[in-house]
Amino acid sequence: MNTETMTVDAPKASSPGMQKNRPIEEIKSVVIRFVGDSGDGMQLTGNEFSKAVARAGHDFATHPDYPSEIRAPTGTLFGVSGYQIQFSSGQVFTSGDTPDVLVAMNPAALKTNLSDVKHGGMIIANSGAFNKVNLEKAGYQSNPLEDGTLTDFRLYSIDISEFTTQALKDTGIAKKEIGRCKNYYALGLMLCLYSRPLESEEENIRAKFAKKPEIAEANVIALRAGYAYAESTEMFVSTYQVRAADIPPGRYRSITGNHAAALGFAAASELANVPLFLGSYPITPATDILQELSALKHFNITTFQAEDEIAGICSAIGAAYGGVLGLTTTSGPGMALKTEALGLAVMLELPLVITNVQRGGPSTGLPTKVEQSDLLQAVYGRNGECPIPVIAARSPADCFECAIEAFRIAVKYMTPVIFLSDGGIGNAAEPWRIPDPATLPRLDVKFRTDPEGFQPYARDANLARAWVRPGTPGMEHRVGGLEKNYLTGNISHDPINHERMVAVRAAKVAGVAEDIPPLTVEGPDSGDLLIVGWGSTYGSIVQAREAAVLAGKSVAHVHLRHLNPLPDDLGEIMSRYKAVLVPELNLGQLSKLLRERYLRDVIVMSKMQGKMFKVSEIHDRILELC
Amino acid sequence: MNQMTEIKPLTRKDFESDQDVRWCPGCGDYALLAQVQKLLPTLGIPRENFAFISGIGCSSRFPYYMETYGMHSIHGRAPAIASGLKLARPDLSVWVVSGDGDSLAIGGNHFIHAMRRNIGLKMILLNNRIYGLTKGQYSPTSEFGKKTKTTPLGSIDRPFSPVSVALGAGATFVARTVDSDHPHLLETLKRAAEHPGTAFVEVLQNCVVFNDGAYNALSDRESRADARILLEHGKPMRFGKDGNKGIRMRGFEPEVVTVGENGVTEADLMVHDETAANGGLAFFLSQFAAPLPVPLGVFRAVDSPVYETLNQQLAADARAHKGQGALDKLFNSGDTWTID
């Protein structure tokens with residue numbers, strides 16, 4: 001699908017990546033996976049490569065895949081860390097199903113990733129690491145670089161370890177430090193192979209290692225050595241060029257989902273002109289949001305690394321009571337711990353945003369892997385009738401908009417809102433078209449200051465009660481977790497009052513549906529199949545559907561941001577198709593919600609491997625169904 | 001609204017809410033409520049700037065009876081909620097009212113971290129050494145061997161001393177008082193209110209229904225002089241009906257001595273120092289057990305940077321260094337590129 005190639009004549013020289021006497025193959029898109037030990041710096045290499053790709057104007061999507069151990073024993077299968085990127089001259093929605101190129105820094109990395117590589121794809125292996133010890137650790141009886149294992153691939157066996165050592169032998173830096181430079185050698189090699197210039201990368205290195213100039217120099221030398229090797233060696237028959245993508249004009253940056261969420265929360269605070277308070281406890285894969293916001297103290301942002309998950313949300317509730325935007329961020333197990341406090345926030349009717357960057361569960365589960373299995377927890381997982389609006393982001397950049405949307409709902413309806421992201425988009429990057437802050441809609445926040453006729457639980461047309469900042473004279477009042485009187489908020493055990501309060505809390509959250517814009521359906525208005533998706537499955541579904549349409553299939557796609565309440569128009573849309581397919585990284589949680597709400601069957605497509613759907617998996621399922 | 005700012009002095013009546021107080025008749029919590037309502041009008045803080053946060057338990061009904069801002073939250077979490085509130089709103093006077101189960105069992109983690117951070121919270125722990133609201137189970141402060149509904153054969157749990165826990169967690173102000181001695185209670189609360197960081201006050205409180213008489217020795221006017229020692233900064237540690245008993249150190253062990261007997265003079269007695277940089281003395285006092293008297297008063301009151309002040313300073317420094325945050329600059333930071 002993404003590997004149509006054509007050979008073009010050597011183009012005009014435009015970069016140091018220009019090859020002498022060597023053809024440049026122009027390709028539409030390419031998927032590259034960098035794999036090595038978790039100490040080999042593969043995340044850095046991948047990240048830097050993605051920046052180079054971004055600067056060239058490509059659309060791209062990345063997928064970092066790393067173990068939950070910080071630095072597992074070297075050379076082991078479980079210590080392999082990877083970073084995959086797809087970049088293209090067209091639109092990119094996923095990091096790609098099958099790598100066209102695998103850069104393997106040791107035998108374990110090759111062993112754990114080989115089965116994913118495209119048949120006939122390119123393998124660049126650091127032969128220096130394929131020694132007896134490492135081969136044994138990876139469970140190889142003989143050296144796969146030499147025994148014919150890789151005959152179906154284009155193998156480039158390069159002693160990156162040795163060449164890096166050679167290049168740095170005169171620098172005087174320690175042997176251990178030299179060992180750490182080989183990822184830059186590999187990066188240099190790949191930059192040359194994909195016709196990217198070195199200068200910006202050298203700037204990045206010098207900025208990154210500003211405090212250790214000798215290390216910066218060593219890395220620059222390694223980078224150049226890798227580049228020079230690729231340029232001069234006879235080994236590579238051709239180098240490759242991907243044309244810039246046809247994407248809307250504007251200023252872009254590469255952004256991960258967690259970073260985009262942090263920017264969105266900062267924006268929500270500015271747009272509301274209300275300070276932001278984040279109470280949080282570090283947990284993979286959500287920690288980045290806490291880290292990003294902690295660096296923004298020059299905004300009206302306070303971050304509080306609490307003693308535990310419960311204190312994270314409780315401090316945010318206290319802050320919200322004080323009249324600021326309360327936020328807490330977490331992942332699955334932390335979400336479980338916050339459950340009781342979520343109920344309190346529902347009773348208090350204060351604005352609060354809870355971000356769950358979902359990971360594999362249950363319990364500690366798969367901390368660094370993607371899953372969408374906390375949806376029912378978000379919608380239902382509390383004691384009592386405890387409704388909370390739930391929204392989910394579809395891509396890294398979409399986290400920015402969802403962060404703002406979550407607070408918009410929270411302040412308008414005086415309610416906690418759960419924002420679901422996941423490990424797949426939280427750490428993955430894609431280009432983000434930088435918005436002009438002046439064009440972002442303001443968040444309308446009004447604090448009540450008029451004590452005349454004030455009742456703490458009196459409601460407006462949206463059924464929201466007033467937000468009153470402590471410190472406002474004449475409006476002293478008490479709130480709490482006990483059931484409260486419909487108007488005064490005082491404790492009430494009256495049976496009819498309780499029923500009325502349960503109903504009004506439910507009606508308030510159901511009313512959020514009025515704010516949901518009409519759904520966008522990609523594809524035919526009616527037909528054989530509608531795919532209903534939510535969250536990070538977006539990219540895979542889009543590409544799978546497009547391929548199916550090219551194959552003549554009548555298939556449409558609608559992707560949900562709002563999961564509680566569901567959009568009002570979804571039922572009618574579903575009714576126009578013969579079948580509904582719901583791909584989810586769980587056992588069918590949205591499917592359950594849809595069946596319950598619309599009393600029609602849907603086809604569950606489930607995957608529970610800690611991995612995103614491959615485009616081909618969804619595509620194949622579509623072809624089976626229509 | 002009335003903009004005439006002729007400030008009428010507040011009275012305790014101003015702090016009484018319209019809610020019926022629902023504690024058992026004779027409960028020690030009434031004493032705290034009365035003394036707090038007496039204290040607050042004297043602090044020079046507008047009524048609307050007080051917020052009372054509580055957890056769950058008999059004592060945690062406290063905010064409902066105060067005509068201030070308040071929140072009756074969930075079990076054990078009041079310190080965390082109050083921390084968020086105080087950080088978001090350093091201008092408020094934030095009080096936490098809690099019990100022995102709320103603070104030291106389910107909320108133990110929040111309790112110790114509030115103590116260590118030194119956020120400007122006034123934290124009152126009503127210690128009745130029993131679970132009242134659930135009708136009589138033992139608590140983390142119940143005595144070893146105590147028979148309750150869940151320890152019919154006697155408790156095998158060793159109890160916490162709340163003052164020791166607070167000191168061990170690094171609290172900068174720690175005091176103990178008793179519900180029955182209203183002037184001492186009021187004075188102790190006043191000292192807590194004046195402390196800029198976290199101020200912790202343990203109130204020994206009688207539960208008339210499930211643990212009646214737990215502090216009889218301290219409330220009985222005849223016996224209390226011998227059962228308690230009132231800590232006074234810079235003063236020798238004397239107590240007793242006639243004021244002639246005292247605490248003397250023998251090695252690392254305290255002993256009760258009588259001034260004027262066996263050659264003991266006042267110069268032999270320990271002298272209380274609540275400001276000692278080393279918390280050892282305060283902790284030592286917090287471990288007093290019979291036959292030593294129960295220390296009441298301020299164990300420790302030391303100056304230490306206050307969390308919310310440091311937090312505001314960090315923000316001010318960041319603004320001085322980077323300028324007030326602007327979204328446009330933030331969005332466009334890092335590696336950007338332009339597509340024409």
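Of the 340 residues that make up chain B in this predicted model, 45% count as buried. The secondary structure of the chain consists of 11 helices and 12 strands, and its C-alpha atoms occupy a box of roughly 95 × 50 × 45 Å along the principal axes. Among contacts in chain B with a separation of 6 or more, 66% join residues 24 or more positions apart.

Helix 6 of chain B, covering residues 182–194, offers a pleasant case to follow in detail. With 13 residues at 1.5 Å a residue, helix 6 should span 18 Å, and its end C-alpha atoms do lie 18 Å apart, so expectation and model agree. The buried residues of this helix are B:Leu185, B:Thr188, B:Leu189 and B:Ala192. Viewed down the helix axis, the buried residues fall within an arc of 100 degrees and therefore line one face of helix 6. This pattern fits a general feature of the fold: an α-helix has 3.6 residues a turn, so residues three or four places apart point the same way.

What does the buried side of helix 6 pack against? Its partners, again in chain B, are helix 1 (29–39) together with strand 4 (121–127), strand 5 (173–178), strand 6 (199–204) and strand 11 (294–301). On the face turned away from this buried side sit the exposed residues B:Pro183 and B:Glu194.

Turning to confidence, chain A has a mean pLDDT of 93, with 97% of its residues at 70 or more. Residues 1–19 of chain A, however, have pLDDT below 50; in the model this stretch makes 30 contacts beyond near neighbours in sequence.

Conventions. Residues numbered from 1 in each chain as written. Chains lettered and ligands numbered in written order. Predicted model: local features only at pLDDT ≥ 70, side-chain atom pairs only at ≥ 80, totals over all residues. Helix = DSSP H or I, 4+ residues; strand = E, 2+ residues; numbered from the N terminus. Expected span 1.5 Å × (residues − 1). Buried ≥ 20, exposed ≤ 12 C-beta atoms within 10 Å, placed from the backbone. Arc of directions from axis to C-beta. Contact = placed C-beta atoms within 7 Å. pLDDT = per-residue confidence, 0-100.
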